[in-house]
Structures are given as C-alpha cells and as structure tokens.
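Visitor: Please take one helix of this model and go through it closely. I would like its burial, its neighbours and any empty space beside it.

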Amino acid sequence: MTKLDVEWAKDWMRRASASLTEHRMELIDLDRAIGDGDHGENMARGFGFVVQRLDENPPEDVAGVFKLVAQTLMSKVGGAAGPLYGTAFIRATKAATDDLDAAGVVAVCEAALDGIVARGKASTGEKTMVDAWTPAIAAARAAAEAGRSPAEALRAAADGAAKGAAETIPMQATKGRASYLGERSIGHQDPGATSTAYLLATAADAAEAVS
Ligand code: ADP
Ligand code: MG
C-alpha cells in the first residue's frame with residue numbers, strides 16, 4: 001500500500017490552493033449569509049501564499065510542509081479561520097511522518113482537530129469547522145480499522161467532512177461571528193466547515209494520484 005510522503009503533502013497544498021480559488025465565490029457567499037463575507041478571499045489568498053512559499057523554499061518532509069502552511073496561514077490570513085487552521089497545521093506537524101499509512105492519516109487529522117478545539121473551544125453542533133472535522137475523523141478511523149489504504153482513509157474523511165458541512169445547515173451558530181445572528185444563522189451552511197471539506201477532498205485527490 002502506498003504510504004504518503006512529502007511529495008503528497010506538497011501536491012495536496014497545490015490542489016488545495018486551486019480548489020479554494022475555484023470555490024472562492026461560493027465561500028464568500030456562504031460567509032456573506034452568516035458572517036462578514038471574507039472567508040473565500042482569506043482562504044484563496046492564504047493558500048496562494050502557501051504555494052508561493054513552497055516554490056521558493058521547498059520543505060524536505062511532511063512536517064516541514066505543515067509548518068510552512070501553519071506559519072503562512074497565521075501571518076497572512078485574517079479572521080477566525082487563519083489562526084484556527086494555523087493551529088491545526090502546527091499540531092499536525094507533531095503527528096506527521098514521511099510514510100503515513102491510514103492510521104497515520106487519522107493521527108494527523110486528530111491532531112489538527114485538537115488544535116482547532118484548543119484554539120476555538122467549539123464542540124460539535126455549534127455550526128463551525130469542528131462539525132466537518134469530527135465526522136471526517138470518525139470515517140477515516142473506520143476506514144483505517146478496516147485495513148484501507150491512506151488514500152481510502154482520506155477519501156472517507158473528505159466524504160465525512162462534506163456530509164458534516166451539509167449538516168450544519170439546520171444548526172444555530174453559537175461560536176464565532178455567525179453566533180451574533182442567533183436564530184437567523186439557521187438555514188445556511190457554515191463556510192469554515194465547507195472549506196474543511198474542500199481541503200480534505202484535495203488531500204484525498206493528491207493521495208489517489210500516487211496510489
Ligand atoms: P471571521 O468569522 O473572523 O470573518 P472567517 O470568515 O475566515 O473568520 O472564518 C469563519 C469560520 O471560522 C466559520 O465558518 C467557522 O467554521 C469557523 N469558526 C469561527 N469560530 C470558530 C470557533 N470558535 N471554533 C471553530 N471554528 C470556528
Ligand atoms: Mg468571515
């Protein structure tokens with residue numbers, strides 16, 4: 001079974017940048033509905049800088065890629081999402097190896113979620129990116145325990161995140177800017193949960209490309 005290494009991590013970031021640019025307007029519109037409309041721009045710009053820095057200074061290992069992503073998102077992305085994703089990628093460096101199997105993929109995602117929760121203190125059901133990461137990890141863990149490949153674990157994570165993002169629609173936001181809207185936040189999909197689904201989908205795409 002193909003394990004995931006630094007080439008996967010770099011390819012993931014290129015694909016993430018392309019996907020977030022492609023979905024920039026959709027994320028802006030989602031954030032306009034329940035926030036301030038900056039999420040699509042923040043994410044597309046942030047990952048644009050990530051790719052630029054990857055080209056200038058290619059890291060040698062997966063942890064180096066995650067560290068570069070964390071530092072770039074922390075310094076270049078405003079709003080709540082920059083520090084939240086930044087902390088996620090900082091924590092992910094601790095679980096990163098250069099031969100990630102399916103269990104390793106689960107460990108990386110768990111570390112990322114731990115970082116998001118440490119930073120934002122959200123639980124599931126509060127209409128945030130936590131509602132995408134949590135089912136993503138459950139699905140990836142099930143795949144790993146069933147003996148699936150890392151690419152299959154990431155695809156399960158991506159599908160779990162997309163489902164989790166859709167399930168934020170009927171929720172009322174109780175964390176972040178959307179919580180200011182109270183009941184009026186109901187009926188809209190959370191932008192951060194949506195960007196998480198795109199991020200994990202591109203991780204799976206990159207893994208499938210080397211499998
Ligand atoms: P801002 O709300 O500051 O404009 P963004 O628009 O970039 O920041 O990001 C908004 C997203 O951040 C939300 O859709 C939500 O998923 C996520 N978010 C906000 N607060 C939290 C939190 N405390 N914990 C987890 N995620 C959060
Ligand atoms: Mg916003």
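Guide: In α7, the buried residues (under 20% relative accessible area with a 1.4 Å probe, protein chains only) are V130, D131, A132, W133, A136, I137, A140 and A143. This is a predicted model: local features need pLDDT of at least 70, side-chain atom pairs count only at pLDDT 80 or more, and totals for chains, interfaces and linings use all residues. Residues are numbered from 1 along each chain as its sequence is written, and side-chain values use heavy atoms, without hydrogens and water.

Helices here are DSSP runs (H or I, at least four residues), numbered from the N terminus. α7 has 16 residues and reaches 22 Å from first C-alpha to last. That is close to the 22 Å expected at 1.5 Å a residue. After α7 comes G147, with a positive phi near 80 degrees.

The cover over its buried residues includes α5, α6, α8 and α9. Take α9, residues 191–210. The axes of α7 and α9 (lines fitted to C-alpha atoms over the stretch in contact) come within 7 Å and cross at roughly 35 degrees. In this contact (heavy atoms within 4.5 Å), α7 supplies A132, W133 and A136, and α9 supplies A193, T196 and L200. By class, five are nonpolar, one is polar and none is charged.

Now the empty space. The largest cavity (points on a 1 Å grid where a 1.4 Å probe fits but cannot get out) holds about 100 Å³. Of its 13 lining residues (an atom within 4 Å of a point), the closest to the centre are W12, F66, V108, C109 and W133. α6 gives the most to this lining, with four residues.

Key
Chains are lettered from A and ligands numbered from 1 in the order in which they are written. Axes are lines fitted to C-alpha atoms, for helices over the stretch in contact, and angles run from 0 to 180 degrees between N-to-C directions. Helices (H or I, at least four residues) and strands (E, at least two) are DSSP runs, numbered from the N terminus. Ala, Val, Leu, Ile, Met, Phe, Trp, Tyr, Cys and Pro count as nonpolar, Asp, Glu, Lys and Arg as charged, and the others, Gly among them, as polar. On a 1 Å grid over the protein atoms alone, a cavity is a set of points where a 1.4 Å probe fits but cannot get out, and a pocket is an open set with protein on both sides within 12 Å along at least five of seven lines; lining residues have an atom within 4 Å of a point. Grid points are joined across faces, edges and corners, and a volume is the space filled by probe spheres set on the points. The expected span of a helix is 1.5 Å times one less than its number of residues. Buried means under 20% relative accessible area, exposed over 50%, partly exposed in between (1.4 Å probe, protein chains only).
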